[in-house]
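Dear colleague,

Please find below the structure that I am handing over to you. A summary of the findings follows it.

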Amino acid sequence: MTAVTPRFATDVVTFYHPGFWDLTSADAVRDWALANPESFWDRVMDALAEAGVTGIELTFAPGDIESALRAFGSAPAFRRELAARGLSVVSAFIADSDAPDWRDGDNLPAIVADAERRAAFLADVGAQLLVAGLPMRTTYGTRPPFFVDAAYMTRMADIAHTVGEAVAQHGVKLAFHTESNSTLWYERDIDLFMALTDPRYVWLCPDSCHIALGGGDPVAVARRHSQRIALAHWKDAVGPIDVELTIDDTVFTQQQPYMTELGTGIVDWRGWAEAMSRTPGAGTVLIELDEAADPVAALRAGTAVAKKAFS
């Protein structure tokens, strides 16, 4: 494989470990960051620069759009602060618990307005990608059952088209993340949703870990949909989730034991890197690390794995 030199990025959730802030809990981190947004961002940016990672993906609080605005007053001011350290925003992930729920078909105006607000910020900060997910599944065995069928995916595709067209007016692409236990998790989910959506308005953000957790082949997915991948999350998995998880507010915590550091799990990184090199998002490698106790060391280790995969 021809050697490539992508830029490296990470999700701000990498910096949410309480130990990194000398605090005792995730709640304490959120409370402190809410009260001290500029100090929060200063430390995150310094750590990114130290790790040699130049791009960030905004996510749920405290590393969200609202936090950046509280800290710096405006998107252009945030952009200047980042640029002074050689950093920039790559994307923003709609992960807020109070974001409009796509499962409710009557709130499309609210969904569009929320996406447009985020897209306007991204345009002002110099980024071009809004990442979203589809609603979660329900716990297996729940009555009445919830089926991820053609009718459901058609509704999701209709919403995605409307949102994708709206954010395109700001020069922003809408890409969908393949989250575990969501309705865009299994290979079949991804193929169906991609088949039902217009490639001009709807893009893909595959997550190597989550696809593997669903028993899928991340490399095969990336190869099939290479021309629609605007960004990818690089993350490793110890193996497929082998039980039916309870899908509630704790589901993301339940998934954690199945995730691992890059290069220590089952993802074929050379195959993934080869597939990624053929995508529109080839220029960025987003290393995803959930709450790393030592984010600088973890990011350096992750980028080393990615660089080796490309060699």
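How far apart are the end C-alpha atoms of helix α5 (residues 108-125), and what span should its 18 residues have? In this predicted model, the end C-alpha atoms of α5 lie 26 Å apart, which agrees with the 26 Å expected at 1.5 Å a residue. Buried residues of α5 include Ile111, Val112, Asp114, Ala115 and Arg118, and also Phe121 and Leu122. Among the elements that cover the buried residues of this helix are β2 (55-58), β3 (88-93), β4 (129-132) and α6 (150-168). After α5 comes Gly126, which has a positive phi near 90°.

Turning to the cysteines, the structure contains zero disulfides. The sulfur of Cys205 has its closest cysteine sulfur in Cys209, but the two are 13 Å apart and therefore too far for a bond. Cys205 is buried, at 0% relative accessibility, and Cys209 is buried with a relative accessible area of 0%.

Two pockets may also be of interest to you. The largest pocket has a volume of about 1700 Å³. Its lining consists of 45 residues, and those closest to its centre are Phe60, Ala95, Asp96, Ser97 and Phe252. Helix α10 contributes the most to this lining, with four residues. By class, the lining of the largest pocket comprises 21 nonpolar, nine polar and 15 charged residues.

The second largest pocket has a volume of about 410 Å³. Of the 23 residues that line this pocket, Arg137, Thr138, Thr139, Tyr140 and Glu244 are nearest its centre. Its lining divides into 13 nonpolar, seven polar and three charged residues.

With kind regards

Notes: Residues are numbered from 1 along each chain as its sequence is written. This is a predicted model: local features need pLDDT of at least 70, side-chain atom pairs count only at pLDDT 80 or more; totals for chains, interfaces and linings use all residues. Side-chain values use heavy atoms; hydrogens and water are left out. A disulfide is a pair of cysteine sulfur atoms within 2.5 Å. Buried means under 20% relative accessible area, exposed over 50%, partly exposed in between (1.4 Å probe, protein chains only). The expected span of a helix is 1.5 Å times one less than its number of residues. Contact means heavy atoms within 4.5 Å. On a 1 Å grid over the protein atoms alone, a cavity is a set of points where a 1.4 Å probe fits but cannot get out, and a pocket is an open set with protein on both sides within 12 Å along at least five of seven lines; lining residues have an atom within 4 Å of a point. Grid points are joined across faces, edges and corners, and a volume is the space filled by probe spheres set on the points. Ala, Val, Leu, Ile, Met, Phe, Trp, Tyr, Cys and Pro count as nonpolar, Asp, Glu, Lys and Arg as charged, and the others, Gly among them, as polar.
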